[in-house]
Amino acid sequence: MDYHEVASVNLARLLKEGGTVRAQGVVQQAFQVGEETFPLEGEAHWKVSLSSVGGDEYWLSGEVEGVVLMECRRCLKPTPTHVHAHFQHMLRYQPGLEEVVFHEEDEDEYYAFGEPDLDLLPFLTEAFVTEMPYTVLCEEGCKGLCPVCGADRNLVDCGHEAEAHRPLLGLKNLLPEL
């Protein structure tokens with residue numbers, strides 16, 4: 001197995017001879033989706049297998065595992081969160097294509113690629129980020145931030161009391177007194 005710090009694999013031999021190619025590596029620092037960055041605690045490790053299934057079609061399967069730092073939903077503290085994601089995709093080789101393109105035809109879904117060097121980072125990123133939970137807590141009893149002064153209630157007692165939330169209280173002003 002080849003070890004890569006970058007998330008790509010050369011498929012030249014697979015395209016000519018068929019068979020299976022395996023690779024593994026790491027993603028360092030963070031996953032990036034558009035303007036959003038998902039920082040990692042350490043490295044995320046990945047491994048993939050690409051197999052020829054006939055013609056110009058190839059089966060990509062793999063997994064990526066690491067610890068992402070997410071904000072606690074109550075106090076915003078960076079919270080290490082373990083993520084382990086599996087993925088599999090059908091690929092089609094279309095010579096001359098400059099980038100990987102997703103296709104959906106009838107019930108067929110596949111990714112078309114045209115270069116022997118296949119960038120795996122989009123596949124790894126999609127699998128990893130999709131598997132992340134929507135929110136996390138730094139600890140089950142997290143007290144969160146004070147809505148008055150913004151102090152972290154886990155660290156200090158600012159003395160402010162949380163107001164009781166009464167969503168229907170404003171309705172009393174809408175009806176005249178009887």
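Phe-31 is buried, at 0% relative accessible area, and Phe-128 is buried too, also listed at 0%. Keep in mind that this is a predicted model. The structure holds five aromatic pairs, and Phe-31 with Phe-128 makes a good way in: the ring centres sit 4.5 Å apart with the planes at 25 degrees, so this one counts as stacked. From there, the briefing moves to a second aromatic group, then to two surface patches, two backbone oddities and one contact across the sequence.

**Aromatic pairs**

- The stacked pair joins strand E3 (residues 20-33), home of Phe-31, to helix H2 (residues 121-131), home of Phe-128, so it ties together parts 97 residues apart in sequence.
- The cut-off does the work in that label: planes under 30 degrees apart count as stacked, and 25 degrees falls on that side, so Phe-31 and Phe-128 get the stacked tag.
- Tyr-93 and Phe-113 make another pair, with ring centres 5.4 Å apart and planes at 50 degrees, so that one goes down as tilted.
- Here the link runs from strand E6 (residues 78-93), which has Tyr-93, to strand E8, which has Phe-113, so the parts tied together are 20 residues apart in sequence.
- Both Tyr-93 and Phe-113 are buried.
- Add Tyr-58 to Tyr-93 and Phe-113 and you have one aromatic cluster.

**The negative patch**

- Glu-104, Glu-105, Asp-106, Glu-107, Asp-108 and Glu-109 form a negative patch on the surface.
- Strand E7 (101-105) and strand E8 (108-113) are the elements that give two or more residues to this patch.
- Glu-105 sits in strand E7, and its relative accessibility of 39% makes it partly exposed.
- Why partly exposed? Buried means under 20% and exposed means over 50%, so a residue at 39%, like Glu-105, ends up in between.
- Asp-106 belongs to the loop between E7 and E8, and with 82% relative accessibility it counts as exposed.

**Positive phi values**

- As background, most residues other than glycine have a negative phi.
- Asp-106, already met in the negative patch, has a positive phi near 50 degrees without being a glycine.
- Leu-76 is another such case, with a positive phi of about 70 degrees although it is not a glycine.
- You'll find Leu-76 in the loop between strand E5 (57-71) and E6.
- Leu-76 is partly exposed, at 45% relative accessible area.

**The nonpolar patch**

- Leu-168, Leu-171 and Leu-174 form a nonpolar surface patch, and together they have about 340 Å² of accessible area.
- Of these, Leu-174 lies in the segment after H2.
- Leu-174 has a relative accessible area of 63%, so it is exposed.

**Tyr-134 and Arg-73**

- Tyr-134 also lies in the segment after H2.
- Its relative accessibility is 85%, so Tyr-134 counts as exposed.
- What separates the C-alpha atoms of Tyr-134 and Arg-73? The gap is 9.5 Å, for two residues that are 61 residues apart along the chain.

How values were computed:
Residues are numbered from 1 along each chain as its sequence is written. This is a predicted model: local features need pLDDT of at least 70, side-chain atom pairs count only at pLDDT 80 or more; totals for chains, interfaces and linings use all residues. Side-chain values use heavy atoms; hydrogens and water are left out. Patches are made of residues with over 30% relative accessible area and no salt bridge: like charges are joined within 9 Å, nonpolar side chains (Val, Leu, Ile, Met, Phe, Trp, Tyr) within 5 Å. Accessible areas come from the Shrake-Rupley method with a 1.4 Å probe; for residues, only the protein chains shown count as cover. A salt bridge is a side-chain nitrogen of Lys or Arg within 4 Å of a carboxyl oxygen of Asp or Glu. Lys and Arg count as positive and Asp and Glu as negative; His and the chain ends are not counted. The place of a charge is taken as NZ of Lys, CZ of Arg, CG of Asp or CD of Glu. Helices (H or I, at least four residues) and strands (E, at least two) are DSSP runs, numbered from the N terminus. Buried means under 20% relative accessible area, exposed over 50%, partly exposed in between (1.4 Å probe, protein chains only). Rings of Phe, Tyr and Trp (its six-membered ring) pair if their centres lie within 6.5 Å; planes under 30 degrees apart count as stacked, over 60 as edge-to-face and the rest as tilted.
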